[in-house]
Each structure stands twice: as structure tokens, then as C-alpha cells.
Amino acid sequence: MALPIEMVHGTGLTTVEENNEWRFGEQSGGVVSVTLVPELFNVSDETLKGKYLTGIGPNATTVYIRSGIPLAKITSGANKDAYGPYDPNATDGRQTAIAGLLESMIAVNITYAGWDVDDVYVGMRYRGDIIKSKLPVVPDTAAVWNGDFWDVEDDVVTRLSGKA
């Protein structure tokens, strides 16, 4: 007598979360369009990758770059004048100063050829009230902020722009 075989299949369900806790209140204006280099968010450091991306999973075909990530201008190399994540250890200009924050999540399709983004022209917030400790990647206190940013936390308002 043959015994039935039960097979268990995973659904590959991946959770995508939009976390806007870094925003302090509703704000109008203060956003400019910039060209993003999405591949710079695909890092080998798994901890940092988890801060940059949401929706990561073994079966994920689409992941999202989180909003609120500090962006910096690339000043040298093939991607000159585009933007990527602020990185104090970079050598392409992204180590110089935080130009702004990624305004909204960006969908990234994962293909055999690599990452595919529908539109690399994205919104970057260059001014506003934020809660710095709630950013997906919290810059070191030595980071230089351009634009016009204020950290509003625990009833204390601190200017971030124009100082290290």
C-alpha cells in the first residue's frame, strides 16, 4: 500500500514596511528632483542593507529603498552629479556632506541582469523638521548637513544644517 506524500511549500511572503517616523509633522515644499544611483544601496554589509532596504527575502523579486535615507552628491567617477547614500568612508564625494533625505520609497525590481528601477529621477528633501534618531540610517554627529534641517526631539530643537 502506497503512502501519500505531503509536500510543504513556502509562500515566499515578504513584508514591506513604510516607516515615516523620521518626519516631524506635515511639511510642504522643500523637495527637489535628483538622479539616484540605486546600485549604491545594494551593499554587502547585511546590517546596512537592512537599513537601506525593506521587502528583502529569499524569494523577493521587488525590494524597496527606504525613505529618509541621507543622500549625498557624487562629485567624481562615472556617476558624477548623481546622488547616493551618504557614506563617510566613500571616495566619490558622498563622504563630504548630506545633501538631503530620500523623500519616498523607491521600488527596485530584481532581475537576472541586476537591479532595475523604473525611474531613477527621485525626490530629495533638502529642508524640513525631522527626528534624526528615527532615520533609517542615523548619521554620525560629525556629519555635515547641507540644506535647512532641524532635529525636533523630546521638546528640543537642534539645527543640523551648516555645522558638523
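# Sheet, pocket and two residues

Trainee: Which residue in β3 does Leu-53 stand opposite?

Mentor: Ile-65. Keep in mind that this is a predicted model.

Trainee: Noted. How many bridges join β2 to β3?

Mentor: There are 2, and the strands run antiparallel.

Trainee: What's the strand order in the open sheet of 4 strands?

Mentor: The order is β2-β3-β7-β8, and the pairing is antiparallel.

Trainee: Why is one side of β2 and of β8 left without a neighbour in the sheet?

Mentor: Because β2 (53-54) and β8 stand at the edges, and each has a single partner strand.

Trainee: And the inner pair? How many bridges join β3 to β7?

Mentor: The count is 4, between β3 (residues 62-65) and β7 (residues 106-111). These two strands are antiparallel as well. One bridge links Thr-62 with Asn-109 in β7.

Trainee: What's the bridge partner of Asn-109 in β8?

Mentor: Asp-116. So Asn-109 is bridged to Thr-62 in one direction and to Asp-116 in the other.

Trainee: How many residues lie between β7 and β8 in their hairpin?

Mentor: Just 2. The hairpin strands are antiparallel, with 3 bridges joining β7 to β8 (residues 114-116).

Trainee: Zooming out. How many helices and strands does the chain have?

Mentor: It has 1 helix and 12 strands. From the N terminus, one strand comes before the helix, and the rest of the strands follow.

Trainee: What share of the chain is buried?

Mentor: Buried residues are 37% of the 164 in the chain.

Trainee: What about contacts between residues at least 6 apart in sequence: how many of them join residues at least 24 apart?

Mentor: That's 58% of them.

Trainee: Pocket time. What volume does the largest pocket have?

Mentor: About 240 Å³. Its lining counts 14 residues. Those nearest the centre are Leu-48, Tyr-86, Pro-88, Val-137 and Val-138.

Trainee: Which element gives the most to that lining?

Mentor: Helix α1 (residues 46-52), with 3 residues.

Trainee: How does the lining split by class?

Mentor: It has 10 nonpolar residues, 3 charged and 1 polar.

Trainee: New topic: Arg-94. Where does it lie?

Mentor: In the loop between β5 (83-85) and β6 (100-102).

Trainee: Is Arg-94 buried or exposed?

Mentor: Buried. The relative accessible area of Arg-94 is 9%, and the cut-off is under 20%, so Arg-94 qualifies.

Trainee: What does its side chain make a polar contact with?

Mentor: The side chain of Asp-92, at 3.0 Å. There is also the backbone oxygen of Pro-85, which lies 2.8 Å from a polar atom of the Arg-94 side chain.

Trainee: Which residues does Arg-94 touch, not counting those up to four places away in sequence?

Mentor: Leu-40, Ala-72, Lys-73, Ile-74, Gly-84, Pro-85, Tyr-86 and Asp-87. Tyr-86 also turned up among the residues nearest the pocket centre.

Trainee: Last one, Phe-24. Where is it found?

Mentor: In the segment before β1 (31-35). Phe-24 has a relative accessible area of 38%, so it counts as partly exposed.

Trainee: Which residues is Phe-24 in contact with, leaving aside neighbours within four places in sequence?

Mentor: Asp-129, Ile-130, Ile-131 and Val-152.

Trainee: How many residues apart in sequence are Phe-24 and Val-152?

Mentor: 128. In space, the C-alpha atoms of Phe-24 and Val-152 are 7.0 Å apart.

Note on methods: Residues are numbered from 1 along each chain as its sequence is written. This is a predicted model: local features need pLDDT of at least 70, side-chain atom pairs count only at pLDDT 80 or more; totals for chains, interfaces and linings use all residues. Side-chain values use heavy atoms; hydrogens and water are left out. On a 1 Å grid over the protein atoms alone, a cavity is a set of points where a 1.4 Å probe fits but cannot get out, and a pocket is an open set with protein on both sides within 12 Å along at least five of seven lines; lining residues have an atom within 4 Å of a point. Grid points are joined across faces, edges and corners, and a volume is the space filled by probe spheres set on the points. Ala, Val, Leu, Ile, Met, Phe, Trp, Tyr, Cys and Pro count as nonpolar, Asp, Glu, Lys and Arg as charged, and the others, Gly among them, as polar. Buried means under 20% relative accessible area, exposed over 50%, partly exposed in between (1.4 Å probe, protein chains only). Contact means heavy atoms within 4.5 Å. A polar contact is a pair of N or O atoms within 3.5 Å; within protein, one must be able to donate a hydrogen and the other to accept it, and residues adjacent in sequence count only if both atoms are side-chain atoms.
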